[in-house]
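The following paragraphs lead the reader through one structure by way of its helices and a few selected residues. Please keep the sequence and the coordinates in view while reading.

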Amino acid sequence: MAVASMVLGILWIYWIGSILALVFGYVARKQIRERDESGGGMATAGIVLGWVGVGVLTLLVVSAFISYMST
């Protein structure tokens with residue numbers, strides 16, 4: 001789950017990957033804590049990259065809306 005989160009966070013895949021990276025990342029962190037496994041860094045990287053993707057999408061939508069309203 002942590003690897004999937006990190007890979008999807010890197011790829012973004014039309015920003016759907018960012019949402020999936022967040023979901024997989026949070027699930028992976030929960031599993032890692034419960035099972036005392038390794039991979040926490042990859043899960044955290046996936047979460048961070050997922051939030052970056054969501055932020056970029058938000059900025060693009062807001063800037064497109066502002067551009068559309070100003071014309």
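Ser18 is situated in helix H2, where helices are DSSP runs of H or I of at least four residues, numbered from the N terminus. With a relative accessible area of 0%, Ser18 is buried; buried means under 20% relative accessible area, exposed over 50%, and partly exposed in between, for a 1.4 Å probe and protein chains only. Apart from its neighbours within four places in sequence, Ser18 is in contact with Leu8, Trp12, Leu49, Gly50, Gly53 and Val54, contact being defined as heavy atoms within 4.5 Å.

The model is a predicted one, in which local features need pLDDT of at least 70 and side-chain atom pairs count only at pLDDT 80 or more, while totals for chains, interfaces and linings use all residues. Residues are numbered from 1 along each chain as its sequence is written, and side-chain values use heavy atoms, with hydrogens and water left out.

Gly17, the neighbour of Ser18, also belongs to helix H2. Its relative accessible area of 2% makes Gly17 buried. Residues up to four places away in sequence aside, Gly17 touches Leu8, Gly9 and Trp12. The C-alpha atoms of Gly17 and Gly50 are 7.5 Å apart, although 33 residues separate the two along the chain.

These contacts lead to the packing of the helices. H1 and H2 pack at an angle of about 155°, and their axes are 8 Å apart; axes are lines fitted to C-alpha atoms, for helices over the stretch in contact, and angles run from 0 to 180 degrees between N-to-C directions. H1 and H2 are therefore roughly antiparallel to each other, given that angles under 35 degrees count as roughly parallel, over 145 as roughly antiparallel, 65 to 115 as roughly perpendicular and the rest as oblique. H1 passes H2 in a left-handed crossing, a term that applies if the near helix is turned anticlockwise from the far one by less than a right angle, whereas clockwise gives a right-handed crossing. On the H1 side the contact involves Ala2, Ala4, Ser5, Leu8 and Gly9, and on the H2 side Gly17, Ser18, Leu20, Ala21, Phe24, Gly25, Ala28 and Ile32. The residues of this contact comprise eight nonpolar, five polar and no charged; Ala, Val, Leu, Ile, Met, Phe, Trp, Tyr, Cys and Pro count as nonpolar, Asp, Glu, Lys and Arg as charged, and the others, Gly among them, as polar.

The pair H2 and H3 packs at an angle of about 155°, with the axes 8 Å apart. That makes H2 roughly antiparallel to H3, and their crossing is left-handed. From H2, Ser18, Ala21, Leu22, Gly25, Tyr26, Ala28, Arg29 and Ile32 take part; from H3, the residues are Gly40, Ala43, Thr44, Gly46, Ile47, Leu49, Gly50, Trp51, Gly53 and Val54. By class, the contact of H2 with H3 has ten nonpolar, seven polar and one charged residues.

H1 (residues 2-11) and H3 (residues 40-70) pack at an angle of about 30°, with their axes 7 Å apart. H1 and H3 are therefore roughly parallel to each other, and H1 passes H3 in a left-handed crossing. In this contact, Ala2, Val3, Ser5, Met6, Gly9 and Ile10 of H1 meet Met42, Ala43, Ala45, Gly46, Ile47, Leu49 and Gly50 of H3. Nine nonpolar, four polar and no charged residues make up the contact of H1 with H3.

Ser5 offers a view from helix H1. Ser5 counts as buried because its relative accessibility is 0%. Residues up to four places away in sequence not counted, Ser5 touches Ala21, Phe24, Gly25, Ala43, Gly46 and Ile47.

Charged side chains come next. A search of the whole structure finds one salt bridge, defined as a side-chain nitrogen of Lys or Arg within 4 Å of a carboxyl oxygen of Asp or Glu. The partners are the side chains of Glu34 and Lys30, at 4.0 Å from N to O. Both residues lie in helix H2 (residues 16-35), four residues apart, about one turn of the helix. Glu34 is exposed, at 57% relative accessible area, and Lys30 counts as partly exposed, at 49%.

Asp36 lies in the loop between H2 and H3. Most residues other than glycine have a negative phi. Asp36, although not a glycine, has a positive phi of about 55°. With a relative accessible area of 71%, Asp36 is exposed.

Technical notes
Helix = DSSP H or I, 4+ residues; strand = E, 2+ residues; numbered from the N terminus.
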